[in-house]
Every structure is written in structure tokens, then in C-alpha cells.
Amino acid sequence: MLIIALEGPSYAGKSTAIRHLRRTALGAHAFVSDCYVKHIAHRDDIPPARTGSAPAQLAAFESFMEIEAARVTAAADSGRPLVILDRSVDTLLAHAHALDALFGYGVHHQLRDRLHTLPFMRPDHTLYLDVPAEVLHLRRKTAGHTAAESDYFLHEPGFLDHARDYFVGTAGPPVSREVTVMAADTSPDDVAQAAEALVTFWAR
């Protein structure tokens, strides 16, 4: 089974790329799983992006790992040789790393240790969509979300910098066996086409 994950900040273009991949011949024969939050039926049940304490961050991790366990089972039951993930456990670790750096929670290494006791999928390849903060802000504004969510923690400069550092800097190493960074500041459709080319190459 080949496992490929798409990662990057919110509004980087992951969901658009995943939708595109679903429509291709490759995606039609793959097990494709949406982002963790899309597996949660009620918005109020989604753990906050900015947790208020170390115990709250640990609890959020456990909630998302329940979804990861269901993903593992569904991927295995599908019998398909290719798995495409919109975010992987590296998202959870990158998030914890960022909050450790910002608020001193000190939970990142606890989560790494906990991960070894839980079922999860380790990506063979991770495609990290790298987008400057100003482009992310513009995309969010274009989507009409800035007025409703003016205080958007996932786009705060400190969070973006630390989360990115987990994947492409010195904070890792990620769980994924290989991380490929792709500049994704072009149109989401162009990013989706480039993602398809890479996934096709990896799946050969």
C-alpha cells in the first residue's frame, strides 16, 4: 500500500487538489480520505485550533487520533493499493510543535511517544504546499471568510512559521518517509494539476 499525504497551511489548496485527484483515473482507484475536521459531524465538536492548556492539547490529539484509527481501518478494508490523505498525523505533530513554541505547553514529545501506541498511517510521500502568508490571507478574504473569522489563529504569523518549520525546517523530523515541498502560490487549479503529476509519478 502506497500512502501519499497532502499538507500545508489552511487555504494552501489541499482540498482543491484532493477534489481534483478524486476525479482522475488515479483517484478513482485510490482510497481518498478528507481532512480530520471533515470527519466531525458537528462544528462545535471540533477541538479549537488554539487550545487553552497542555491538557486541552493532549485531549485534542486523542480526538483526532480516534478519526485516524477509523481511517486506518477504512483504508485497509478498501483493499486499494493507493491511499491519498488530506493531512496526516504530521499535521497533529506540527500543530503541537507550534503551540509548544508559542505557549510552552511541552506536549510535542508526549504526542510522539503516544503515537507509537496507536494505529496510524505513515505516509510514504508527503506533498507540502508552501504558500506565503499574504497569499493565504488573500485567498481567505476572496472566500469571504475574513469578516466572520477576523481572529484566525491558523494564519497568525507565529503559528504559520512554527508549523512550517516542522515540515521544512529544523523542528522535525516528520513522520512521513519523504517530504516534497511545492510552491503553491499560483492558482489552486494549477496547484491541483501539479499535485496530480507528482502523485502519478509516485504511484507508477
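Me: What does Y11 count as at 22% relative accessibility?

Reply: Y11 counts as partly exposed. The cut-offs are under 20% relative accessible area for buried and over 50% for exposed, with partly exposed in between (1.4 Å probe, protein chains only). Bear in mind that this is a predicted model, in which local features need pLDDT of at least 70 and side-chain atom pairs count only at pLDDT 80 or more, while totals for chains, interfaces and linings use all residues. Residues are numbered from 1 along each chain as its sequence is written, and side-chain values use heavy atoms, leaving out hydrogens and water.

Me: Thanks! Where does Y11 lie, and what is its phi?

Reply: Y11 lies in the loop between β1 and α1. Its phi is near 75 degrees, a positive value in a residue other than glycine. The element names come from DSSP runs numbered from the N terminus: helices are H or I with at least four residues, strands are E with at least two.

Me: Which other residue that is not a glycine has a positive phi of about 75 degrees?

Reply: R87 does. R87 sits in the loop between β3 and α4, and it is buried, with a relative accessible area of 15%.

Me: Back to the β1-α1 loop, then. What does G8 touch?

Reply: Leaving aside neighbours within four places in sequence, G8 is in contact with K14, R87, Y128 and L129; contact means heavy atoms within 4.5 Å. G8 shares the loop between β1 and α1, and at 6% relative accessibility it counts as buried. G8 and L127 are 119 residues apart along the chain, yet their C-alpha atoms are separated by 8.2 Å.

Me: Now the sheet. What order do the strands come in?

Reply: Five strands form an open sheet in the order β2-β3-β1-β4-β5, and the pairing is parallel. Two strands pair if DSSP finds at least two bridges between them.

Me: Why is one side of β2 and of β5 left without a neighbour in the sheet?

Reply: β2 (31-33) and β5 (179-183) stand at the edges, and each has a single partner strand, so one side of each has no neighbour there. From one strand to the next, the twist averages 15 degrees. Angles here run from 0 to 180 degrees between N-to-C directions, and axes are lines fitted to C-alpha atoms, for helices over the stretch in contact.

Me: Which helix packs on β1, β2, β3 and β4?

Reply: Helix α1 (residues 14-23) touches those strands, and its direction makes about 150 degrees with that of β3. Helix α7 also packs on the sheet, touching β1, β4 and β5, at about 145 degrees to the direction of β4.

Me: How many bridges join β1 to β3 and to β4?

Reply: Five bridges join β1 to β3, and four join β1 to β4. In these pairings A5 stands opposite L85 in β3, while I4 stands opposite H125 in β4. β1 is mostly covered, with five of its six residues buried.

Me: And β2, how many bridges join that to β3?

Reply: Three bridges, and the two strands run parallel. V32 stands opposite I84 in β3.

Me: Changing topic: which residues of α5 are buried?

Reply: In α5 (residues 108-115) they are H108, L111 and L115. They cover an arc of only 60 degrees around the axis, which puts them on the same side of α5; the arc is taken from the directions from the helix axis to the C-beta atoms. On the other side, H109 and D113 are exposed.

Me: What covers the buried residues of α5?

Reply: The cover includes α3 (54-78), α4 (89-103) and α7 (157-168).

Me: At what angle do the axes of α3 and α4 cross?

Reply: They cross at roughly 175 degrees and come within 10 Å. That makes α3 roughly antiparallel to α4; under 35 degrees counts as roughly parallel, over 145 as roughly antiparallel, 65 to 115 as roughly perpendicular and the rest as oblique.

Me: Last one: where is D165, and what does it touch?

Reply: D165 is in helix α7. Not counting residues up to four places away in sequence, D165 touches H97, T170, A171 and G172. At 23% relative accessibility, D165 counts as partly exposed.
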